[in-house]
Amino acid sequence: MPWTRDQMAERAAKELEDGFYVNLGIGIPTLVSNYIPAGMSVQLQSENGMLGTGPFPFEGEEDPDLINAGKQTVTELPTTSYFNSADSFAMIRGGHINIAILGAMEVAENGDLANWMIPGKMVKGMGGAMDLVGGVKKVVVVMEHSAKGDSKLKKRCTLPLTGAGVVDMVITDLGVFTLDRTGGGLTLIELAPDVTLDDIKGKTEASFKVANTLQQ
Amino acid sequence: MNKVYADASSALAGLLKDGMTIMAGGFGLCGIPESLIIAIRDSGVKNLTVVSNNCGIDGVGLGVLLNTRQIKKMISSYVGENKTFMQQFLAGELEIEFNPQGTLAERIRAGGAGIPAFFTKTGVGTKIAEGKDVREFDGERYVMERGLVADLSIVHAYRGDTEGNLVYRKTARNFNPPMATAGKVTVAEVEHLVQPGDINPDHIITPGIYVQRMIHVPAVAKHIEQRTVRKRQKADAPAGTGEEV
């Protein structure tokens, strides 16, 4: 059975390590914060200018001056610090954030990522995504394997790129791939429960290797 | 020299002209200089180029300047929350220059610091780098981006003394401090206006040198774009983000 959104987030949380500074994108990546193991110290960065982002507030305690990068109301923690947007992206572009977990429309086998525009249709803008994929040490994409029956794992991206050769790992509802952005390509390392190798091969446009240690 | 003006319109008097470039602080609707935006609307100034991370939402924040068609061009990183924006853009009535958010912030920081250009990895190999100088440093490719300055910056701060020294509150800081440095003239609105010495000098974020004019906005209405809360439960709720409502 393919993973649910929550199970994908739970799998992504296994990439976190004690002491990590982490940036989570909007959507499934936001759910990753629900699966940080107890006792592990992880600080969440919100690129609008906050480290140590806390949970949503209790009803009635929302503060318009305290939001995350998705513009959602959040709370402060004892570890919280605030800074301006230039400092926030200096942190990101300077390689100080350990891991970014974000969504995508397409990922290609060469590590290219597209998630910011559909020409003629969607003109929302890239926000901080280009900075994150260009500057963060490890970039993990969490996305559905297919959209309307089409594989989102491509040989080459068809949409305008967010970053070229930037992705290190892709977690979909069907499995987990590592990506060697220096030309080594995609490798399937895990399958979701009851998903077969043939299933995933049939649903993937990108070519990929299969790890000797493939887990299910 | 008196930097404190009676209201937003008088603080902007003599500063506005058609075709000018204005930087407006804020992220979403958080930390936006709303009183000054309203005064710009009321002035009727046109053909503005506005530098701001977002463009408000329909009818709120910079959104009000879309309704009156006073904006010719936006330089932003994300405008996804605004239908009017989308309609005017798709109809060819509005120009947009998308900048990656960090590039936008750094262009403003650089502009304020007198740095005309810098190189960054952000956007290399994408549309953003097209037509720009790309150079290799230490085996990696970087794209050249220009520093950005404005005729006028408008910012929102939590506390300010009459010298223009400013302190911000929580994530309402965002683009306000770098923009304060990059305006030929910067006008600040402050929720709490205090006397010099009332703010601990160690805590000042924007030194008064960057602020030429200011107004006191004691009863500012703040907006929440995405109200998200968690349910009250047993004493030790987990540190997750909870549930969206």
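**Exercise 1. Find how strand β6 of chain A is joined to β11(A), and place both in their sheet.**

Step 1. Start with the pair itself: β6 (residues 106-108) and β11 of chain A run parallel, with two bridges between them. Strands here are DSSP E runs of at least two residues, and helices are H or I runs of at least four, both numbered from the N terminus. Two strands count as paired if DSSP finds at least two bridges between them.

Step 2. Pick out a facing pair: A:Ala108 sits opposite A:Lys154 in β11(A).

Step 3. Zoom out to the sheet. Three strands make an open sheet, ordered β7-β6-β11 in chain A, and the pairing is mixed. Its edges are β7 (113-114) and β11 (153-154) of chain A, each pairing on one side only.

A word on the model before going on: it is predicted, so local features need pLDDT of at least 70 and side-chain atom pairs count only at pLDDT 80 or more, while totals for chains, interfaces and linings use all residues. Residues are numbered from 1 along each chain as its sequence is written, and chains are lettered from A and ligands numbered from 1 in the order in which they are written.

**Exercise 2. Trace the pairings from β12(A) through β13(A) to β15(A).**

Step 1. β12 (residues 169-171) and β13 (residues 175-180) of chain A are antiparallel and share three bridges. A:Met169 faces A:Thr178 of β13(A), and a hairpin of three residues links the two strands.

Step 2. Next, β13(A) pairs with β14 (residues 185-191) of chain A, again in the antiparallel sense, over six bridges. Facing pairs include A:Gly175 with A:Leu191 and A:Leu179 with A:Leu186. Four residues lie between the strands of this hairpin, and A:Gly183 takes a positive phi near 115° there.

Step 3. Finally, β14(A) pairs with β15 (residues 208-215) of chain A over four bridges, in the parallel sense. Here A:Leu188 stands opposite A:Val210.

**Exercise 3. Which residues have the most contacts inside the largest nonpolar core?**

Step 1. Sort out the terms. A nonpolar core is a set of buried Ala, Val, Leu, Ile, Met, Phe, Trp, Tyr and Cys residues joined through C-beta atoms within 7 Å. Buried means 20 or more other C-beta atoms within 10 Å of a residue's own, exposed means 12 or fewer, and partly exposed is in between, with C-beta atoms placed from the backbone.

Step 2. The largest core holds 124 residues, and A:Val141 and A:Val142 have the most contacts inside it. Strand β8 (residues 150-161) of chain B gives the largest share, five residues.

Step 3. List some neighbours. Leaving out residues up to four places away in sequence, A:Val142 touches, among others, A:Met8, A:Ile28, A:Ile101 and A:Ile171. Contact means C-beta atoms, placed from the backbone, within 7 Å.

**Exercise 4. Work out why chain B counts as compact as a globular protein of its length.**

Step 1. Take stock: chain B has six helices and eleven strands.

Step 2. Its radius of gyration is 19 Å, close to the 18 Å from the globule rule for 245 residues, so chain B is as compact as a globular protein of that length. The radius is taken over C-alpha atoms, and the rule is 2.2 Å times the number of residues to the power 0.38.

Step 3. Add context. The C-alpha trace of chain B spans about 55 × 50 × 45 Å along its principal axes, and 49% of the 245 residues are buried.

Step 4. Check confidence: chain B averages a pLDDT of 94, with 95% of residues scoring at least 70. pLDDT is the predictor's confidence in each residue, from 0 to 100.

**Exercise 5. How many residues does each chain bring to the contact?**

Step 1. Count them: 52 come from chain B and 45 from chain A.

Step 2. On the side of chain B that touches chain A, α5(B) supplies the largest share, seven residues.

Step 3. For the complex, the predictor gives an ipTM of 0.95 and a pTM of 0.95.

Definitions and conventions:
Two residues are in contact if their C-beta atoms, placed from the backbone, lie within 7 Å.
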